[in-house]
Amino acid sequence: MDNTRLYAPPAPSLRFIAVWRRHFLVWRKLAIPSILGNLADPLIMLFGLGYGLGAVLGEFGGGSYFAFLAAGFMASTTMYAATFESLFSAFSRMHVQKTWEAIVNAPMTLEDVLAGEWAWAATKGLAAGICLLAIVAVAGYAHFPLALASIPVVILIGLAFAALGLAVNALATGYDFFSYYMTLLLTPMMMLSGVFFPVERLPPVLQAVAQATPLYHGVELVRPLLAGAVPVHALLHVAALAGYAAAGFYLATVLTRRRLFK
Amino acid sequence: MSPPQALQVRGLRKRYADQEVVCGVDLEVAPGECFGLLGPNGAGKTTTLRLCLGLAYPDAGEIRLLGNEVPARAREARAQVGVVPQFDNLDPDFSVAENLMVYGRYFGLTSREIAPRIPLLLEFAGLAGRAESKIQALSGGMKRRLTLARALVNDPRVLFMDEPTTGLDPQARHLIWERLRRLTQEGRTLVLTTHFMEEAERLCGRVAIMDHGGIIAQGTPRELIARHIESQVVEAHGPGVEAWMADARSLASRTELAGETVFCYADNVEPVIASLRSRTELTYLHRPANLEDLFLKLTGRDLRD
């Protein structure tokens, strides 16, 4: 493939919805365990850390540590859900089951398939984010109606990490490949991005690193919104997440073309 | 003006890294024809099919599939095409019927349009009553038939099949052949690759033999055999067959030693058979020449990986 074609901007069609529907149909069969997992996992962490550590920490930034942590988890759980789907699940469909190969024999393009995967992984992120919102609401820490504005934020977080995940997927040689990305990038990001403690407590160099990550921008939006406040620099954070999503999807498209459309 | 061809390929070239895998292929397939692309492994058959479907970009050449220029209008072309890939890629997350339903949606068909077609497709594939089965519970032959049914979900005018019966037992293979004949009778165009010469002889009105990325012979199976090869073959093996081969050389128009077996080709093999009758230690088989003999003559007996 020549370079003009390789680097051309992605132009998926609305047919991508058929791919999204395929994934939804599979998910529907396993919806209950999937939702339970989305709820149980953060709940265990939240109650362990939120109440346990919260008791030690006492008042935290003018509120409870549970509320602080729950807001961080809403962003990070979304990140992990979208990432898992765009790494492990997308890789099975692309490489192991050859589902993508079957789809492009129909009048579908590789870009339709990628856009479908992207939208679907973001949907999984959204589902995880909504489960967290429900937990926060039940615990009495969500201030409505502004807390509802965290839902579009979670969609953006999902799109950003789904796109990055698909780019990593295009480079993967096997499932093991993903542990580099998860361990070396996402875990430190989770520690630095203000999920567990305010970024201001970090040394300036690490603060700068934190501010470059997509998760940081997600947390900076979600936390005030859940508390019923309009986030400071909201547009900047939205633009950063949207930038990661767009650049990530472009990168994923180029890398996947290079891998499959030979 | 002649009627438009179902598939028209001119000067097709494709290079991967330092190897040209398709080097100057010309093909024409008329509507309603069953066309076979034959060749040993690695001859470039699968790459040629992928290029025709617009799943890879050619380095040079022109492709028109059902009047659509490929790859520019590959999506429009594929809307009227069905594909049976070399390796089954049915969706293991779905039942038999769901596979057809989900696949139909990739063609932009609505559930309402697909649903009434499913029982007909299952009937055609000999899978009636299997609608709810899991893919994992199907035999190899059933999976192949379901893949064929899936390729028909959009009622295609052209079917591309990459080795449709590889790995199947004779019963399953015969059933697929019978179905493919039915599809030809319905007026659909079939383009298949195979390295089963028997399959090509039974199904294909016309074949092209491909090797090292190029087409080395093209025509009806009978024509090709008549043009390139003697009509009769005698195969002989047994102790001392190599010594006997020296005699056989003068009796047949062509002899060949492959492993422990001597192949004698001639239009009149009576002298060869007479000579063999006096050699009771040798076992022989007399048969008419077939496409496989032609194939081996043109592509050689060396193993391909």
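Analyst: Before the interface is read, one term is needed: two residues are in contact if their C-beta atoms, placed from the backbone, lie within 7 Å. The model under discussion is predicted.

User: With that term in hand, how many residues does each chain bring to the contact between chain A and chain B?

Analyst: Chain A contributes 22 residues and chain B contributes 20 residues. On the side of chain A that touches chain B, α2 (16-29) and α5 (99-105) each supply at least two residues.

User: Which element gives the most to that side of chain A, and what is the make-up of that side by class?

Analyst: The most comes from α5(A), with six residues. By class, the side of chain A that touches chain B has 11 nonpolar, four polar and seven charged residues. As a general point, the size of an interface is often given as the accessible area lost when the parts come together.

User: Let us turn to chain B on its own. Into which domains is chain B divided?

Analyst: There are domain 1 (7-80 + 156-226), domain 2 (95-150) and domain 3 (230-288). Taken over C-alpha atoms, the centres of domain 1 and domain 3 of chain B are separated by 35 Å.

User: How should one read an open sheet, and what is the strand order of the four-stranded one in chain B?

Analyst: One reads the order across the sheet and then looks for the edges. Here the order is β12-β13-β11-β14 (chain B), with antiparallel pairing. β12 (254-258) and β14 (283-288) of chain B each have a single partner strand, so one side of each is left without a neighbour in the sheet. From one strand to the next, the twist averages 20 degrees.

User: How many bridges join β11(B) to β13(B), and how many join β12(B) to β13(B)?

Analyst: Strand β11 (residues 232-237) and strand β13 (residues 261-266) of chain B pair over six bridges in the antiparallel sense. In that pairing, Y265(B) of β13(B) stands opposite V233(B). β12(B) and β13(B) also run antiparallel, joined by five bridges, and F263(B) in β13(B) is the bridge partner of E256(B). The hairpin of β12(B) and β13(B) has two residues between the strands, and G259(B) takes a positive phi near 65 degrees there.

User: Chain B has a hairpin of β1(B) and β2(B) as well. Which residue in its turn has a positive phi?

Analyst: The residue is A17(B), with a positive phi of about 50 degrees, in a turn that places two residues between the strands. Strand β1 (residues 7-16) and strand β2 (residues 19-29) of chain B run antiparallel and are joined by eight bridges. Q8(B) stands opposite E28(B) in β2(B).

User: Helices may pack on one another. At what angle do the axes of α10(B) and α11(B) cross?

Analyst: The axes come within 9 Å and cross at roughly 155 degrees. Angles over 145 degrees count as roughly antiparallel, and α10(B) and α11(B) are therefore roughly antiparallel to each other. Their crossing is right-handed.

User: Which residues make the contact between α10(B) and α11(B)?

Analyst: From α10(B) come D247(B), A248(B) and L251(B), while α11(B) provides P271(B), V272(B) and S275(B). By class, this contact has four nonpolar, one polar and one charged residues.

Key
Residues numbered from 1 in each chain as written. Chains lettered and ligands numbered in written order. Predicted model: local features only at pLDDT ≥ 70, side-chain atom pairs only at ≥ 80, totals over all residues. Pairing = 2+ DSSP bridges. Axes fitted to C-alpha atoms, helices over the stretch in contact; angles between N-to-C directions. Nonpolar A, V, L, I, M, F, W, Y, C, P; charged D, E, K, R; others polar. Parallel < 35°, antiparallel > 145°, perpendicular 65-115°, else oblique. Left-handed = near helix turned anticlockwise from the far one by under 90°. Domains from an automatic or database assignment.
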